2 protein chains.
Amino acid sequence: MTTARTLSLEALSARVEEIFVNVGLTADQAGAMARVIVAGERDGAKSHGIHRLEGCLTTLRAGKVSASAVPKLQEDESAIVRVTARGGFACAAFELGLPHLVEGVRQFGLAALVINDAAHFSALWYEVEALAEQGLAALAMCPSYSTVAPAGGSAPLLGTNPIAFGWPREDGPPYVFDFATSMAARGEIELHRRSGKPLPEGWAVDADGRPTTDPDAALAGAMLPFGGHKGSALSTMIELMAGALIGDRSSGDALDAIGTTSLIPTHGELVLAFDPAQFAAGRGTDPFGQAETLFEAIVGQGARLPSQRRYAARERTMAHGVTLTAAEMDQLDRYQALGLDGVSQRRTDVSSEREA
Amino acid sequence: MTTARTLSLEALSARVEEIFVNVGLTADQAGAMARVIVAGERDGAKSHGIHRLEGCLTTLRAGKVSASAVPKLQEDESAIVRVTARGGFACAAFELGLPHLVEGVRQFGLAALVINDAAHFSALWYEVEALAEQGLAALAMCPSYSTVAPAGGSAPLLGTNPIAFGWPREDGPPYVFDFATSMAARGEIELHRRSGKPLPEGWAVDADGRPTTDPDAALAGAMLPFGGHKGSALSTMIELMAGALIGDRSSGDALDAIGTTSLIPTHGELVLAFDPAQFAAGRGTDPFGQAETLFEAIVGQGARLPSQRRYAARERTMAHGVTLTAAEMDQLDRYQALGLDGVSQRRTDVSSEREA
C-alpha cells in the first residue's frame, strides 16, 4: 500500500512526463505539460496540479485532443505571433510561441500571441509569469465552456472565462492575478451539491433566470458572472477577444464541439505583452519603481497582493519538495503503469476550476 | 428669464465651442472638447455632457490645466503612438493621435496610443467608439484620483479607474462598455449624503476599514472596488498599465499633484486597438459574424447589451435635438457671457462620475 511521500520537483516532473509519454504525447508536449502541472503542485495550486492528470487523460481517451500534434508557428511582418496547436494541448504551443512573442515585443513595444485550436490545459498565471520573467507586462485570456449566463439573463452562454495579468518585480516573483470572470467555478457548485450545502447568494440562477442557492437548480440553470453587469461585460469581451477576434471558438462553440464540460475544451487563447522600457521611454520615470510604490501602499494598509499564497507555497516546496497524499501517489502509480487504460471514465469536471 | 429649449446638435456644439474659445482654448482644443460634451448630451450621458463644463472651467481657473497647450505627437518604428497633451485637456490629444493609432494597427495588427500629461476630461466610450468606427476592437483605461481602497484595505489608494471596450458592428453602433472599477462614483456617495439616505452595502468602508452605509463615514474612509478582490486586481492593473507602464501618474500621484478631487486630474491614458481582419486572417472565420451570434444570444435570453440606453437616446436626439432645462440654458448663457470669471468656485466633484 502506498503512503504519503515528499518528492523533489524534479522527481515529480519526471513522473508526470513519463505518464504523458506513455500515452503517446511527444517529448515536447509531455515536457510542457509536466512543467505546468509541477508548477501547480509547487505553488499549492492543486486545481492545476496532478489533479488535472485525470482530465487530460480522459480527454485523450475520448479522442478529443491529439496526443501527437506538433504545434505550428506562423509569423509575418505584423506584431501578431500565431501558434496553431493543431488539436493538441496548449502548453507546448505556448512554449513554442513564447520566445517569438518576446522578440515581437522587443521590436514593436507590444505584441500578441494567438494560440489556436488548443485543448486548453494550462494556468494563465503560469504564462503571464513567464513573460514577467522577461521584464514584460502581460495580459492573457481565453474562453472555456458555456456555463455562465450574462447579467440579466438565464441561460448558460459565456464561459468561466479567465483573465490573468502579470507585472515584473525585481526582488521577487511578479505581481500576478488570474481569476475566472464567473462568481465561482462549476466544480465549487458540484462540491456544494455533494455536501448538501446551499450556495452563497449571487452565484447562480435557476433555469428560469431566478436567483437560486440550490445547487441542483443552479446546475440546471446557469452560473453568474462576478461583479454583475461589469463582470458580464468583461466576460463578453473575452469571448470576443479570445474567440471572434482570433478566429477561434466561443465558449458556446467549444461546448457544441466537445459535447460535455467534463472534458478539456479546445479553443483559442490571446496573450498580449508590453515592454515597460519602451512605453515609458523618454518620460524620465522608473516604471518598476513606481509599481513598487503602489504595491507597498497596498500591502502597507493590510491588503494582500494576489498570488501571495501561491508564492508562499512555492518557497516551501522549493526548499522541501512537494508532499503528495497516499491517494495521490496511488493515482500516479496507476497512471504510470497503465497508460490510457488506467484512466477511469467517471465524470470529472475540470473545465472551470481556477484559482479564485 | 430663460426657459427650457431644444437645440440641434450643431447649435449646441457651436455654443460649447464658443465657451471654450472665450476662455482661451485653441480652436482645436475647443472643437475637441465640444465634440465630447455634445456626444454626452446626444447620448443622454449627462455626466459627460454640459454638466462637465463647470469642472473644466473651474480647473482652468485654478490654473490646473493649460488652455493654450498644443498636444505633441511622437512616433518611432514601434507600434506605440505617443501624444503628450502638455498639460492641456485630453480630447485634442486623442484626436491628434487617433489617425496614427489606426495607421499603426493597419501596419502591425495591434497598436497602442499613449496619452501623457493630459487633464483627463473625456468619456472613454467616445474613444473606443471612434476606433470601432474604423473596424477595430479597442480597449481604453486610465487612472483618476485615489478614492478607492484595495479589497481588504481601508485607505483611498486606487482611483475609480475606468475601463472601456469597443467592438465594431456592421448594422449599428458598436458593442461598447465603459465602467468604473469602483462600486460607485464618488458623486453618488455625495448624493446619498445630501439626501440623508444610507449607502447600499458594499460601496464603502470607514476610516478604520469597516464596511459602512453611512455616507459621511464613507467620505472619511474609502470607496470599494466592484467585484471584491477581482475588481481590486483590475483596478490595480489599470494603475500599472495606464500609469507606471506609460511613465505617467498613478491615482495617488494625481491627487498629490492637484490636491483636491474637485478639479479634473492630470495623468495618462492607454488605448489599445486590434484589427480583427489581421487577427483572424487565414482562419476561414468571420469575426464580425461570430460576434453577432454572441450578441444575439445575449439579447435573445432577455439580457441587455451595454450602451443600449445611450444608443436609444442618440436615436432620439439625432432626430429631435437635445432638450436643455431652463437651468442648463442659464448656465450656458452665463459661461458664454462671462468667460472664466463666470465660473463659480463652489466645489464640484467631477473626477469620478461615469456611466455605470
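How many salt bridges does the rule find across the interface of chain A and chain B? The rule finds 4, where a salt bridge is a side-chain nitrogen of Lys or Arg within 4 Å of a carboxyl oxygen of Asp or Glu. Let us see how the two chains come to face each other.

A word on the model first. This is a predicted model, in which local features need pLDDT of at least 70 and side-chain atom pairs count only at pLDDT 80 or more, while totals for chains, interfaces and linings use all residues. Residues are numbered from 1 along each chain as its sequence is written, chains are lettered from A in the order in which they are written, and side-chain values use heavy atoms, with hydrogens and water left out.

Two copies of a chain are related by a rotation about an axis and a shift along it. Here, a turn of 180 degrees with a shift of 0.0 Å along the axis lays chain A on chain B with an RMSD of 0.0 Å, superposing by least squares on the C-alpha atoms of residues with pLDDT of at least 70 in both. That is the relation of a two-fold axis. To find the axis, look for A:G227: of the residues of chain A, its C-alpha comes closest, at 2.1 Å.

Now to the meeting surface. Each chain brings 76 residues to the contact, which means heavy atoms within 4.5 Å. The copies meet through the same surface, because 100% of the interface residues of chain A are also interface residues in chain B. The size of an interface is often given as the accessible area lost when the parts come together. Between chain A and chain B about 5,600 Å² is buried, and carbon and sulfur atoms give 71% of that; buried area is the accessible area (1.4 Å probe) that two parts lose on being put together, summed over both. In chain A, the residues that lose the most area to chain B are A:K230, A:F279 and A:R283, together 13% of what that side buries.

A:R283 also has a partner across the interface: its side chain meets that of B:D117 in a salt bridge, at 2.8 Å from N to O. Which helix of chain A gives the most to the side that touches chain B? That is α8 (residues 228-244), with 12 residues; helices here are DSSP runs (H or I, at least four residues), numbered from the N terminus.

Terms used. Helix = DSSP H or I, 4+ residues; strand = E, 2+ residues; numbered from the N terminus.
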